[in-house]
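Subject: Structure handover

Hello,

Here is the structure I promised to pass on. Please open it beside this email and follow along.

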Amino acid sequence: MIRKARKSDFTFIYPILKQIFEEMDMDSIKKLPESQFYDLMRLGFISEYYRYSYTRIWVVTDSRDIPIGMIDMYSYEDQKIIDFALKKEYVKVGLPLDTVIFDDQEAWPDEWYIDALAVDPNHWGEHVASRLMDLAPKIAQEKGYKYISLNVDKENPRARRLYEHKGYKSIKEMTIGDRVYDHMVKEV
């Protein structure tokens with residue numbers, strides 16, 4: 001089943017999402033103790049506006065309604081608030097207010113943006129990511145967008161093949177954190 005994430009899903013979604021953080025290999029994340037980063041992401045997840053808020057995530061669940069895959073999406077316009085929303089939580093986890101974790105522009109005007117797509121490794125090969133990718137254009141259309149975009153790490157050919165299979169085309173390179181990505185777009 002595919003459904004919107006719930007606040008109570010965090011303990012299942014975090015390990016799935018953490019795969020992306022590890023692949024990104026960002027210094028801003030690596031310098032934080034794991035427990036501190038976990039607590040910060042939990043607070044962001046249960047908030048209404050953060051980049052990885054439950055309000056922006058859809059999940060595929062198993063027969064017990066446990067999330068096994070997730071997709072995180074938002075509008076270009078929301079980029080202005082997605083990370084600002086987390087700053088008020090910094091004090092609660094002992095971070096200075098000038099801490100920067102994410103600050104790169106990832107989407108462009110008129111785009112509905114897929115920020116994160118990940119699947120529990122125990123469920124790789126079960127078409128979970130493909131099902132979530134099929135959902136994305138439907139949500140984009142519901143939100144009034146004609147274009148949907150994502151960024152794929154140049155060192156992730158497996159993901160690139162899926163995105164190309166789903167009709168995404170690379171239009172430019174961009175740097176996010178410490179890595180180079182291809183910005184891919186699909187008309188919906």
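A definition before we start: two strands pair if DSSP finds at least two bridges between them. Keep that in mind for the strands below. One caution too: this is a predicted model.

**The whole chain**

The protein chain has seven helices and seven strands. From the N terminus on, their order is β-α-α-α-β-β-α-α-β-α-β-α-β-β. The C-alpha atoms fill a box of roughly 45 × 40 × 30 Å along the principal axes. The radius of gyration is 16 Å, which agrees with the value near 16 Å for a compact globule of 188 residues. Buried residues make up 53% of the 188. Now take the contacts with a separation of 6 or more: residues 24 or more positions apart account for 70% of them. The chain exposes about 9,500 Å², and carbon and sulfur atoms supply 52% of that area.

**The strands**

Start with β3, residues 67-75. Nine of its nine residues are buried, so β3 is largely enclosed by the rest of the structure.

Which strands pair with β3? One is β2, residues 57-61, which runs antiparallel to β3 and is joined to it by five bridges. Within this pair, I57 stands opposite D72. The two strands form a hairpin with five residues between them. In that hairpin, D65 takes a positive phi near 70 degrees.

The other is β4, residues 111-119. β3 and β4 are also antiparallel, with seven bridges. Here G69 in β3 has V119 in β4 as its bridge partner.

β4 also pairs with β5. This time the sense is parallel, over four bridges. W112 has I148 in β5 as its bridge partner. Like β3, strand β5 is mostly covered: six of its seven residues are buried.

**The cores**

The largest nonpolar core has 33 residues. Which of them touch the most other members? They are F21, M41, M70 and F102. Helices α1 (10-24) and α3 (34-46) each supply at least two residues of this core, as do strands β2 and β4. α1 gives the most, with eight residues.

Look closely at M70. Leaving out residues up to four places away in sequence, M70 touches I13, I16, L17, I57, W58, V59, A116, L117, A118 and L132. A second, separate core holds 25 residues, including L117, V128, Y163 and Y168.

**Helix α7**

α7 covers residues 157-165, and A159, R160 and Y163 in it are buried. Where do the buried residues sit around the helix axis? They fall within an arc of 100 degrees, so they line one face of α7. On the other side, R161 and H165 are exposed.

What covers the buried residues of α7? The cover includes β4, α6 (128-142), β5 (147-153), β6 (169-176) and β7 (179-187). After the helix comes G167, which has a positive phi near 100 degrees.

**Two loop residues**

Y168 lies in the loop between α7 and β6. Is Y168 buried or exposed? Its relative accessible area is 2%, and buried means under 20%, so Y168 is buried. Setting aside residues up to four places away in sequence, Y168 touches I114, M133, A136, I148, L150, Y163, M184, V185 and K186. Take M184 from that list. Its C-alpha atom is 5.6 Å from that of Y168, and the two residues are 16 apart along the chain.

G177 is in the loop between β6 and β7. Its relative accessibility is 25%, so G177 counts as partly exposed. Which residues does G177 touch, beyond those up to four places away in sequence? They are M26 and D104. I101 is 76 residues from G177 along the chain, yet their C-alpha atoms are separated by 8.8 Å.

**Where to look first**

Begin with β3 and its antiparallel partners β2 and β4. Then find M70 in the largest core. Finish at α7, and compare its buried face with R161 and H165 on the other side.

Best wishes

Technical notes. Residues are numbered from 1 along each chain as its sequence is written. This is a predicted model: local features need pLDDT of at least 70, side-chain atom pairs count only at pLDDT 80 or more; totals for chains, interfaces and linings use all residues. Side-chain values use heavy atoms; hydrogens and water are left out. Buried means under 20% relative accessible area, exposed over 50%, partly exposed in between (1.4 Å probe, protein chains only). A nonpolar core is a set of buried Ala, Val, Leu, Ile, Met, Phe, Trp, Tyr and Cys residues joined through side-chain atoms within 4.5 Å. Contact means heavy atoms within 4.5 Å. The arc is that of the directions from the helix axis to the C-beta atoms. The radius of gyration is taken over C-alpha atoms; the globule rule is 2.2 Å times the number of residues to the power 0.38. Accessible areas come from the Shrake-Rupley method with a 1.4 Å probe; for residues, only the protein chains shown count as cover.
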